[in-house]
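Visitor: I am new to this structure and should be grateful for a close look at one part of it. Kindly describe how the strands are arranged, and then what lies around them.

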Amino acid sequence: MTTPLPPAPPPLVVGPLTRTDFVRYQGASGDMNPLHHDEPFARAAGYAAPLAVGMFNAGLLGTYATDWLGPANVRRFRIRFAEQVWPGDTLTCTGAVVREYEQDGQRLVDVELTATRPAGGVAVLAWATFARPAA
Amino acid sequence: MANAAAQGAAGTPFPVLIERGKIIEFAAATHSRNPAYRQERAVVPPTFLTTQMFWQEWAGAGANPWPRVELDQRRGMHAEQEYVFHGPPPRAGDTLTARSRIAEIYQKQGRRGGTLTFAVMVTEFTDGSGRLVAEARLTGVETARPADGEAR
């Protein structure tokens, strides 16, 4: 027996994003690429502002997914970076079940997750597999 | 232009200590309030093993084979990232050993023309008994032209 699959939670809405969000994530993650916090460096590289760290955007999807299906149950988390994200953007994280199945005696669920920018463009996509705990 | 000869290059093993304070910091930075990330034996968030960057840097240049790919930074982007957990994810207090290798370098035609060069670095994380507990798969891409700051 497995516990019933909980419904997807309401969207996780984060923003408007600030440079501080990016810096805080960079300190936490160890990615010190100046493109994400050094304004003159970002402008010299041709950007209008420091752009969000893709892995920060993906981390928000991790937050959404683990609140839904449980942090200890994650077995796979695959991320694809699509649109760039900028200070002032608000990201909306949502998810949907793709399939439930059994593999090697373990109940699993595959979900698709998206973080969407204000105009509707998908910034980050993720495909995740979670184990389903026994009841 | 990427260095195709880097395929197969491996770094030296490096330690990755899974620490409770770092998990709390990472969870907060990704806007999580989940109590599972604050417990004494806190589990790691799905993308937490990206903190391997700290440990790889501290271990010295030999631990990181990625620079050998020589992707042009001005035309380079992080395309995909994947984490696989062979059982429940690591917890605070675990000491893992990680090792990175360049698994693949390949080219594809871009949708807007031009050749895209992809490089994949796989990092394997083993526990004290040598059991493979997690894998990270980083895919970088180098475009034919410099990034223009617009959405791809």
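Guide: The account below follows the strands first and turns afterwards to the helices.

This is a predicted model, in which local features need pLDDT of at least 70, side-chain atom pairs count only at pLDDT 80 or more, and totals for chains, interfaces and linings use all residues. Residues are numbered from 1 along each chain as its sequence is written, while chains are lettered from A and ligands numbered from 1 in the order in which they are written.

Helices (H or I, at least four residues) and strands (E, at least two) are DSSP runs, numbered from the N terminus. By that reckoning chain B holds two helices and five strands, and their succession along the sequence is β-α-α-β-β-β-β. Its C-alpha atoms fill a box of roughly 50 × 35 × 25 Å along the principal axes.

The part to examine is an open sheet of 10 strands, whose order is S1(A)-S3(A)-S4(A)-S5(A)-S2(A)-S2(B)-S5(B)-S4(B)-S3(B)-S1(B), with antiparallel pairing. Two strands are said to pair if DSSP finds at least two bridges between them. At the edges stand S1(A), residues 12–14, and S1(B); each has a single partner strand, so one side of each is left without a neighbour in the sheet. On average, and with direction ignored, neighbouring strands are turned by 25° against each other.

At the edge in chain A, S1(A) pairs with S3(A), residues 91–103, in the antiparallel sense over three bridges. Here Val13(A) has Thr92(A) in S3(A) as its bridge partner.

The two chains join where S2(A), residues 74–81, meets S2(B), again in the antiparallel sense, over five bridges. In this pairing Phe77(A) is placed opposite Tyr83(B). Taken as a whole, 30 residues of chain B are in contact with 34 residues of chain A, two residues being in contact if their C-beta atoms, placed from the backbone, lie within 7 Å. On the side of chain B that touches chain A, the elements giving two or more residues are H1(B), H2(B) (52–58) and S2(B) (76–85). S2(B) supplies the largest share, eight residues. Sorted by class, that side has 16 nonpolar, 10 polar and four charged residues; Ala, Val, Leu, Ile, Met, Phe, Trp, Tyr, Cys and Pro count as nonpolar, Asp, Glu, Lys and Arg as charged, and the others, Gly among them, as polar.

Within chain B, S3(B) (residues 95–109) and S4(B) (residues 115–126) pair in the antiparallel sense over 12 bridges. Lys108(B) has Leu116(B) as its bridge partner in S4(B). These two strands form a hairpin with five residues between them, and Gly113(B) in the turn has a positive phi of about 85°. S3(B) also pairs with S1(B), residues 14–17, in the antiparallel sense over four bridges, and there Leu17(B) stands opposite Thr95(B).

Helices accompany the sheet. H3(A) lies across S1(A), S2(A), S3(A), S4(A) (106–116), S5(A) (122–131) and also S2(B), running at about 40° to S5(A); axes are lines fitted to C-alpha atoms, for helices over the stretch in contact, and angles run from 0 to 180 degrees between N-to-C directions. H3(A), residues 54–69, also meets H1(A): their axes come within 9 Å and cross at roughly 85°. The two helices are therefore roughly perpendicular to each other, a label given to angles of 65 to 115 degrees, whereas those under 35 count as roughly parallel, those over 145 as roughly antiparallel and the rest as oblique. Asp21(A), Phe22(A), Tyr25(A) and Ser29(A) of H1(A) meet Met55(A), Phe56(A) and Gly59(A) of H3(A). By class, this contact has four nonpolar, two polar and one charged residues.

In chain B, H1(B) (residues 20–29) has Ile23(B), Phe26(B), Ala27(B) and Ala29(B) buried. Seen down the axis of H1(B), the buried residues fall within an arc of 160°, so they line one face of the helix; the arc is that of the directions from the helix axis to the C-beta atoms. A residue is buried if 20 or more other C-beta atoms lie within 10 Å of its own, exposed if 12 or fewer, and partly exposed in between, C-beta atoms being placed from the backbone. What covers the buried residues of H1(B) includes H1(A), residues 19–29. After H1(B) comes His31(B), with a positive phi near 60°.
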